Structure formats: C-alpha cells, structure tokens
Amino acid sequence: EGNGGLIIMRTIGDNFVAWDRADPSHTQESCSIMTLQGTQVTCNCDDGNQYDLNTGLPLTQGLSCGLKAYRVEQSGNLLFISN
C-alpha cells in the first residue's frame, strides 16, 4: 500500500487523514521510509527530513513538497482509502 506503506491518523473532530510513508523528497530507497514520532514523521536518510501528520507539510526548511495524501472515506466503522 503506497510507496512505503500508509500512515492513518485520526484528527480533531473524528476525521481521518492518510499519508504515504515514503519521503516525497527522496527517490525510493530503504532509508526514505519514515519513522513515526507522535504527530510527526522523520526520514531515516542522513538529512532526517521531518513532516507534520496533521497537515502533511514539511517541518524541515527548504523542502518544497509535502506528504502524498490519500482520500479517506468513512462508512460506519470502516475506512476506505484510495488515491
């Protein structure tokens, strides 16, 4: 699922967001799969890029693109995630 897996998070108001777990500022490699740290994710490559999971925006200065978002639809207790 996704380029590096998915991160799904419940936001304020019981809404959900889904992000690709691969750092969009890197080509696909093993270190570009990000690690979850609270409401942030951090790239495991030497530059350690960080992103905010509430907005998908980069926290590291100089990055031009945010996380890849997926559409999340909720039906009862089920979440449907698509791109």
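The count of aromatic pairs in this predicted model comes to 0. A ring does take part in another kind of arrangement: the charged end of Lys68 sits over the ring of Tyr70, 4.7 Å from the ring centre. Tyr70 also appears in the strand pairing, as the bridge partner of Ala18 in strand E6.

**The sheet of E1, E2, E6 and E7**

An open sheet is built from 4 strands in the order E1-E2-E6-E7, with antiparallel pairing. Its edge strands are E1 (6–10) and E7 (78–82), each of which pairs on one side only. From one strand to the next, the twist averages 25 degrees. Strands of a sheet pair through backbone hydrogen bonds, either parallel or antiparallel.

Strands E2 and E6 run antiparallel and are joined by 2 bridges. Strand E6 (residues 69–75) is in turn joined to E7 by 5 bridges, again in an antiparallel run. Along this E6 and E7 pairing, Val72 stands opposite Ile81, and Ser75 stands opposite Leu78. The hairpin of E6 and E7 has 2 residues between the strands, and Gly76 in this hairpin takes a positive phi near 65 degrees.

A positive phi is also found at Asp14, near 60 degrees, in a residue other than glycine. Asp14 is placed in the loop between E1 and E2.

**The sheet of E3, E4 and E5**

Another open sheet holds 3 strands in the order E3-E4-E5, and its pairing is antiparallel. Strands E3 and E5 stand at the edges with a single partner strand each, so one side of each has no neighbour in the sheet. On average, neighbouring strands of this sheet are turned by 25 degrees against each other, direction ignored.

Strands E3 and E4 run antiparallel and are joined by 3 bridges. One facing pair here is Thr35 and Thr42, the latter in E4. Thr42 has a relative accessibility of 11% and therefore counts as buried, the limit being under 20%. The side chain of Thr42 makes a polar contact with the side chain of Gln37, at 2.7 Å.

**Cysteines and the disulfide**

How many disulfides does the structure hold? The structure holds 1 disulfide, formed by Cys31 and Cys45, with their sulfur atoms 2.0 Å apart. The torsion about the S-S bond of Cys31 and Cys45 is about 80 degrees, so this disulfide is right-handed. The pair links distant parts of the chain, 14 residues apart. Cys31 lies in the loop between strand E2 (16–20) and strand E3 (35–37), while Cys45 lies in the loop between strand E4 (40–42) and strand E5 (50–52). A disulfide is a covalent bond between the sulfur atoms of two cysteines.

Cys43 is in no disulfide. The nearest cysteine sulfur to that of Cys43 belongs to Cys45 and is 3.6 Å away; a disulfide is counted only for sulfur atoms within 2.5 Å.

Why does the sulfur of Cys65 have no bond to the closest cysteine sulfur? The sulfur of Cys65 is 12 Å from that closest sulfur, in Cys43, which is too far for a bond.

The accessibility of three cysteines is listed below.

| Residue | Relative accessibility | Class |
|---|---|---|
| Cys43 | Cys43: 4% | Cys43: buried |
| Cys45 | Cys45: 10% | Cys45: buried |
| Cys65 | Cys65: 29% | Cys65: partly exposed |

Cys43 and Cys45 are classed as buried because their values are under 20%. Cys65, at 29%, is classed as partly exposed because its value lies between 20% and 50%.

**The loop between E5 and E6**

Gly66 lies in the loop between E5 and E6. With a relative accessible area of 27%, Gly66 is partly exposed. How far apart in space are Gly66 and Ser25, C-alpha to C-alpha? The distance between Gly66 and Ser25 is 8.4 Å, although the two are 41 residues apart in sequence.

Methods:
Residues are numbered from 1 along each chain as its sequence is written. This is a predicted model: local features need pLDDT of at least 70, side-chain atom pairs count only at pLDDT 80 or more; totals for chains, interfaces and linings use all residues. Side-chain values use heavy atoms; hydrogens and water are left out. Buried means under 20% relative accessible area, exposed over 50%, partly exposed in between (1.4 Å probe, protein chains only). Two strands pair if DSSP finds at least two bridges between them. Axes are lines fitted to C-alpha atoms, for helices over the stretch in contact, and angles run from 0 to 180 degrees between N-to-C directions. Rings of Phe, Tyr and Trp (its six-membered ring) pair if their centres lie within 6.5 Å; planes under 30 degrees apart count as stacked, over 60 as edge-to-face and the rest as tilted. A charge sits over a ring if NZ of Lys or CZ of Arg is within 6 Å of the ring centre and within 35 degrees of the ring normal. A polar contact is a pair of N or O atoms within 3.5 Å; within protein, one must be able to donate a hydrogen and the other to accept it, and residues adjacent in sequence count only if both atoms are side-chain atoms.
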